[in-house]
Amino acid sequence: MSWRSWKLPLIEISKWALLLALLLFLAGQMGQGKQSATSFEDMSAALTANLDQTQMQPADNQMLRRLYGLDPSSYEGILLYYPTTNMGAEELLLVKLADPAQAQTVEAAIQARLRAQKTSFDGYGIEQMALLEDCVIELRGGYVLFLVHPQADALRQVFLDTL
Amino acid sequence: MQFASLLFLFVFLPVTLIVYYLSPKRIKNVTLVLASLVFYAWGQPQALVLMGVSLVFNYLTGMEIALLRGNGRYGGAKAVAGLAVAANLFLLALYKYAGFAADNLSALLGLPIQVTQLPLPLGLSFFTFTVLSYLLDILWGKAPAERNFLCFAAYVTMFPKLSSGPIVRYADIAPQLRERNHSIAGFGNGLNQFLVGLAKKVLLADNLGVVFGTIQGLSSMSAATAWLGCLCYSLQLYFDFSGYSDMAIGLARMLGFRIDKNFDYPYLSASVSEFWRRWHISLGLWFRTYVYIPMGGNRCSVPRQLLNLTVVWLLTGIWHGASWNFLVWGLWHGCFVILEKFAFKPFFEKIPRVFRHIYLLLAVMLGWVFFFSPSLGGAVEYLGLMFHSSGVWLDGMFLYQLSSNLPLLLAAVIGCGPWLRKLHQRLAYVHGGAAMTVSVIAYMLTLIACVAYLVSNTYSAFLYAQF
């Protein structure tokens, strides 16, 4: 058989192989992306109960917009604790997404906030820079968690256990 | 990655442009594809798998359709294209509409149907429509299949248009994928357009968004405040998306590509039909070319035309998002288009343009309420506020917001028309000399103002990126 006569069957086989690979990828993604049944209130309560808030204060919607540029009415739930002074870097942001499509917007907002904070403390805030370097960003079960805190790892575990 | 970010402006773009222009002509597409993949994968690297598989699958499908057509097997080509269209739409549906469908089926059947909602990959709606245009153009003989995989990958992934369009038809851009003109003048024009888009987004849209956010967050408001909020959103959305489109077209121009405009001063229209010929032009063209005309367009009976238009506007609505709000918004516009076509036409010609313009603005602004509200109930509530449901026509908040944002609103209203552009062109290009120097300084000051704003402000995503 000539190469020309093989061309169509080869394309067909390659396409089916690609479709199979795509299905496997999607199955993997679906396995990872399961929505948590935990309510936003329960998740907030679990995190704040374990949170040392001496250096932090809860933010209102205006502050949330100012620091993250996020519109609270677009999300199922959103909670922000931010530093009480300009010299603090401790922060907790918890977002329950109304739609998975929002994940990218929230992640980008977090990255932008992180960059801004690093720029602020770069060169003089050694402790703050260390906290920012060790920050936790988790996207699981329809929640996005951003933590800049000395207890970040412990709080992350609380988050994962509560999901 | 966002165009209006310091990372893009000061790292990604300069590095990409330097590498692109240093690359020999034959590997420019390689550079473009690699840069586009980095842009695409930024913050969402797992989406690269999806993009890679989809690219190869659609490339092979294009070849297969062309081979089958070449062998005279049009039926086979049609079946292959049909399968590929279904596969692409399945992916879009899975990522974008599965949750919406499951929620509504659950409510309808009374059964707890749950699906895992996946994070929507960047620009999936735009990407899907791009590849569908490619496959259908080949099937209908409007363009040959692309044999060079790099050219195909460059067409689909090109970072200027990847996240939010414009949706470029393959037949329109195919020649430029092989041979395009790189000139200093073209680069300069592209840079100008990019800066105009950046200013629209950073200086106008984001500030209008702050005003709108403040008003939307109020627990109660007068009718005047609700109208002001709606006006701010209408202007914000226009400057956000047309700003993005200007940046995309400008970036493409800097890379040697010419892409048609996506906006043509839509708020100056005098009917909803005209508005849609000037707003998100590439999407309107896509639906006309690949849905409306194949369904028979307007060369059929009136009932069939009504059906065709209803389908197109339902699809236009749902394309923007998986919610009833967008469906209602699409139908809202569809109703006006149908009324204008079949009922208003004889009267429209007799009405002065200014009244038709007011009608257009009211129709579009009221439509945006469905667009920005988180739910249908929220939209109805906001519409109620606009029509005095609070029992207050005017309050202190309206006067405060209007007076403190008057320069911004005036600048935005002026920016909705071509007057500034025409004045600039007349001064800088016709008179030249000192006016040209002033123009260059003005562009530089615009860039400095945008950067200062980006440094001091928080992140703000493009509104259309979520679609």
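These are my notes on a sheet in chain A and on the contact between chains A and B.

**Entry 1: the model.** I noted before anything else that this is a predicted model.

**Entry 2: the sheet.** I looked up how the strands of chain A are arranged. I found an open sheet of 5 strands, and I wrote down their order as S1-S2-S3-S5-S4, with antiparallel pairing. I then asked why one side of strand S1 and of strand S4 is left without a neighbour in the sheet. Strand S1 (56–58) and strand S4 (136–140) of chain A are at the edges and have a single partner strand each, so one side of each has no neighbour there. I also looked up the turn between neighbouring strands of this sheet, which is 10 degrees on average, with direction ignored.

**Entry 3: one pair of strands.** I picked S3 and S5 of chain A. Residues 91–96 make up strand S3 and residues 143–148 strand S5, and the two pair in the antiparallel sense over 6 bridges. In this pair I located A:Lys96, which stands opposite A:Tyr143 in S5(A). I reminded myself that strands of a sheet pair through backbone hydrogen bonds.

**Entry 4: a helix on the sheet.** I followed helix H6 (residues 152–162) of chain A and saw that it lies across S4 and S5 of chain A. Helix H6 runs at about 165 degrees to S5(A).

**Entry 5: the contact with chain B.** I looked up how many residues each chain gives: 37 residues come from chain A and 31 residues from chain B. On the side of chain A that touches chain B, helices H1 (3–32), H3 (61–68) and H4 (103–121) of chain A are the elements that give two or more residues. H1(A) gives the most, with 13 residues. I sorted the residues of this side of chain A by kind and got 17 nonpolar, 11 polar and 9 charged.

How values were computed. Residues are numbered from 1 along each chain as its sequence is written. Chains are lettered from A and ligands numbered from 1 in the order in which they are written. This is a predicted model: local features need pLDDT of at least 70, side-chain atom pairs count only at pLDDT 80 or more; totals for chains, interfaces and linings use all residues. Two strands pair if DSSP finds at least two bridges between them. Helices (H or I, at least four residues) and strands (E, at least two) are DSSP runs, numbered from the N terminus. Axes are lines fitted to C-alpha atoms, for helices over the stretch in contact, and angles run from 0 to 180 degrees between N-to-C directions. Two residues are in contact if their C-beta atoms, placed from the backbone, lie within 7 Å. Ala, Val, Leu, Ile, Met, Phe, Trp, Tyr, Cys and Pro count as nonpolar, Asp, Glu, Lys and Arg as charged, and the others, Gly among them, as polar.
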